[in-house]
Amino acid sequence: ASRQALSEGEILGDCVNLTRRLINEPPSMMTPIRFAPEATELAQQSGLDIAQVIRRLRAAGLDSIPGGGAEILVDAVRTRISPHKCSADTWLRVMRCAHLQGMKTTSTMMFGHLETAQQMVTHLDRIRRLQDETGGFTAFHLAFTELDCPVKISKDTAGHEPIPQHV
């Protein structure tokens, strides 16, 4: 059991060291993390809470977190489209912890699968509420999939990404 704990602790240590090297050794770059799901896994594997994991990565030089993995922040949808990712509340907790430690993040919404318009509104409302609380989001990205999309989709005249018309 002690070797198992050591191995799990080493995973977080390796991630911290990789973050430090990617950020501090030329050429500097962002870490390739879609962070909320990975932060949750690192916390579980290391026995630390999410805030401690983020604190260690921040101390290693990480100053922002991509917002991937949000999908739709409604668990009834998340459990069907990405059953192995963290819950909606956990995704929001990771972002809140990052914001409270002075980090900036982004957010995404992946739509166009089996969510309803109300679930899309719920997702946007949860992001807006966290933004009102922390001010930590710097961008919001929409990702469209054409699987069983329940909303009418259009492209703007400049050809940008599809925008849900009634959300």
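Two residues are in contact here when they have heavy atoms within 4.5 Å of each other. With that in hand, we can start our walk through this predicted model at one residue, Val77. Val77 sits in helix α4, which covers residues 75-81. Is Val77 buried or exposed? Its relative accessible area is 1%, so Val77 is buried. Setting aside neighbours within four places in sequence, Val77 is in contact with Ile72, His113, Leu114, Glu115 and Gln119. Take Leu114 from that list: it lies 37 residues from Val77 along the chain, yet the two C-alpha atoms are separated by 7.2 Å.

Let us move on to the nonpolar interior. The largest nonpolar core has 30 residues, and those with the most contacts inside it are Phe35, Ile54, Leu57, Ile65, Leu73, Trp91 and Val94. Which helices each supply at least two residues of this core? They are α1 (2-24), α2 (36-46), α3 (50-59), α5 (88-100) and α6 (117-134). The largest share, seven residues, comes from α5. There is also a second, separate core of six residues, and Ile72, Val74, Met109 and Phe111 are among them. You have met Ile72 already, as one of the contacts of Val77.

Leu57 gives a good view of the largest core, since it is one of the residues with the most contacts there. Apart from neighbours within four places in sequence, Leu57 is in contact with Cys15, Val16, Thr19, Phe35, Leu42 and Leu62. One of these partners, Leu42, is among the buried residues of α2, which are Ala36, Pro37, Ala39, Thr40, Leu42 and Ala43. Just after α2 comes Gly47, with a positive phi of about 80°.

Leu57 itself is part of a buried set in α3, together with Ile50, Ala51, Val53 and Ile54. Looking down the axis of α3, you would see these buried residues within an arc of 160°, so they line one face of the helix. The general geometry helps here: an α-helix has 3.6 residues a turn, so residues three or four places apart point the same way. Now look at the two ends of α3. At its start, a side-chain oxygen of Asp49 comes to within 3.1 Å of the backbone nitrogen of Ala51. Just after the helix, Gly61 takes a positive phi of about 120°.

Next comes the sheet. It is open and has three strands in the order β1-β2-β3, with parallel pairing. Which strands form the edges? These are β1 (64-65) and β3 (137-144), each of which pairs on one side only. Between β1 and β2 (residues 104-111), the parallel pairing runs over two bridges. Ile65 has Thr105 of β2 as its bridge partner, and Ile65 also appears among the residues with the most contacts in the largest core.

Thr105 leads us back to the helices, because His99, which is buried at 8% relative accessibility, touches it. His99 lies in helix α5. Besides Thr105, His99 touches Leu130, Thr134, Gly136 and Phe137, not counting residues up to four places away in sequence.

Finally, a word on the cysteines. Cys86 counts as buried at 11% relative accessibility, and Cys97 counts as buried at 17%. How many disulfides does the model contain? With sulfur atoms required to be within 2.5 Å of each other, the count is zero.

Terms used
Residues numbered from 1 in each chain as written. Predicted model: local features only at pLDDT ≥ 70, side-chain atom pairs only at ≥ 80, totals over all residues. Heavy atoms only, no water. Core = buried A, V, L, I, M, F, W, Y, C linked by side-chain atoms within 4.5 Å. Buried < 20%, exposed > 50% of the residue type's maximum accessible area, 1.4 Å probe, protein only. Helix = DSSP H or I, 4+ residues; strand = E, 2+ residues; numbered from the N terminus. Arc of directions from axis to C-beta. Polar contact = N/O pair within 3.5 Å; in protein donor to acceptor, adjacent residues only side chain to side chain. Pairing = 2+ DSSP bridges.
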